[in-house]
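Me: Could you take a close look at the largest pocket for me, and put it in the context of the whole fold?

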Amino acid sequence: IVKQAGSGDRYVYVYDNGKVTYNKVELGRRMGAEYELISGVPDNSQVVIAGQARLINGAEVEVEK
């Protein structure tokens, strides 16, 4: 989860067909190091969990597992 500087907005990068999109999310409860996402990410989406600082909206990426 990325916090946008200068605002309280939170975002995640979602992977789709070789590119990432910057999706604004609404957070719910925090459970330890995890957050509940109330909205902003479609069901069964692949969310970027590492390297977000090097991404921009619409960037082409390769998935590493």
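**The pocket and its surroundings**

Reply: The protein has zero helices and five strands, with helices being DSSP runs of H or I of at least four residues and strands E runs of at least two, numbered from the N terminus. This is a predicted model, where local features need pLDDT of at least 70 and side-chain atom pairs count only at pLDDT 80 or more, while totals for chains, interfaces and linings use all residues. Residues are numbered from 1 along each chain as its sequence is written, and side-chain values use heavy atoms, leaving out hydrogens and water.

Now the pocket: the largest one has a volume of about 480 Å³. A pocket here is an open set of points on a 1 Å grid over the protein atoms alone, where a 1.4 Å probe fits, with protein on both sides within 12 Å along at least five of seven lines. The volume is the space filled by probe spheres set on the points, which are joined across faces, edges and corners. Its lining has 16 residues, and V48, A50, E62, V63 and E64 are the closest to the centre; lining means having an atom within 4 Å of a point. By class, you get nine nonpolar, two polar and five charged residues in that lining. Ala, Val, Leu, Ile, Met, Phe, Trp, Tyr, Cys and Pro count as nonpolar, Asp, Glu, Lys and Arg as charged, and the others, Gly among them, as polar.

As for the whole fold, the C-alpha atoms fill a box of roughly 30 × 30 × 20 Å along the principal axes. Buried residues (under 20% relative accessible area, 1.4 Å probe, protein chains only) make up 17% of the 65 residues.

Technical notes:
Buried means under 20% relative accessible area, exposed over 50%, partly exposed in between (1.4 Å probe, protein chains only).
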